[in-house]
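Here is an informal walk through one model, from the overall numbers down to a helix pair and two residues. Have the coordinates open while you read.

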Amino acid sequence: MTPRELITFEILGMPIGWAALALLVLTVLPAIYRAARGPAEADRAIGADHVFFVLVASLAMLALLWERHLLVDLVVVVTLIGFISALILGRYLGRSRSAAITTETATTTTSAGDAE
């Protein structure tokens, strides 16, 4: 079975490619909620990263469904941008967390010194 035949294979009267795309889009709703209301910065980053992943996967599915090779090039570029942004965000969150730990340690040390 070729990829084109697999994507257009119908289940319950709907091509499987479009059904997969619809399921991908449905997974965005909880991710948007997590990105907007996450209790921590890391939760928001994970939600935003998931939304970005769904965007890339949707572009890849559309490239298969529409047989547009230009979209595959766009998927590669967007994936590289997403990878670099995830690295930058991870470094930012790591620095802000280590700064918070350092501040907390300094406060605890000062409080212990005052108690004596």
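Of the protein's 116 residues, 20% count as buried (under 20% relative accessible area, with over 50% being exposed and anything in between partly exposed; 1.4 Å probe, protein chains only). This is a predicted model, in which local features need pLDDT of at least 70 and side-chain atom pairs count only at pLDDT 80 or more, while totals for chains, interfaces and linings use all residues. Residues are numbered from 1 along each chain as its sequence is written, and side-chain values use heavy atoms, leaving out hydrogens and water.

**Overall layout**

The protein has 5 helices and 2 strands (DSSP runs numbered from the N terminus: H or I of at least four residues for helices, E of at least two for strands). Along the sequence they follow the pattern α-β-β-α-α-α-α. About 8,700 Å² of the protein is exposed, and carbon and sulfur atoms supply 70% of that (Shrake-Rupley method, 1.4 Å probe). Among contacts (heavy atoms within 4.5 Å) with a separation of 6 or more, 48% come from residues 24 or more positions apart.

**Helix 3 against helix 4**

Two packed helices are described by the angle between their axes and the distance between the axes. Here helix 3 (residues 28-37) and helix 4 (residues 41-66) have axes that come within 7 Å and cross at roughly 150 degrees. Those axes are lines fitted to C-alpha atoms over the stretch in contact, with angles running from 0 to 180 degrees between N-to-C directions. The crossing of helix 3 past helix 4 is left-handed (the near helix is turned anticlockwise from the far one by less than a right angle). Helix 3 contributes Val28, Ala31, Ile32, Arg34, Ala35, Ala36 and Arg37 to the contact, and helix 4 brings Asp43, Arg44, Gly47, Ala48, His50, Val51 and Val54. By type, the residues of this contact are 8 nonpolar (Ala, Val, Leu, Ile, Met, Phe, Trp, Tyr, Cys and Pro), 4 charged (Asp, Glu, Lys and Arg) and 2 polar (the others, Gly among them).

**Two residues up close**

| Residue | Helix | Relative accessible area |
|---|---|---|
| Isoleucine 32 | helix 3 | 44%, partly exposed |
| Serine 58 | helix 4 | 13%, buried |

The C-alpha atoms of isoleucine 32 and glycine 47 are separated by 6.2 Å, with their positions 15 residues apart along the chain counted as the offset.

What does the side chain of serine 58 reach? The backbone oxygen of valine 54, at 2.7 Å (a polar contact is a pair of N or O atoms within 3.5 Å, one able to donate a hydrogen and the other to accept it). Leaving aside residues up to four places away in sequence, serine 58 touches Leu21 and Leu24.
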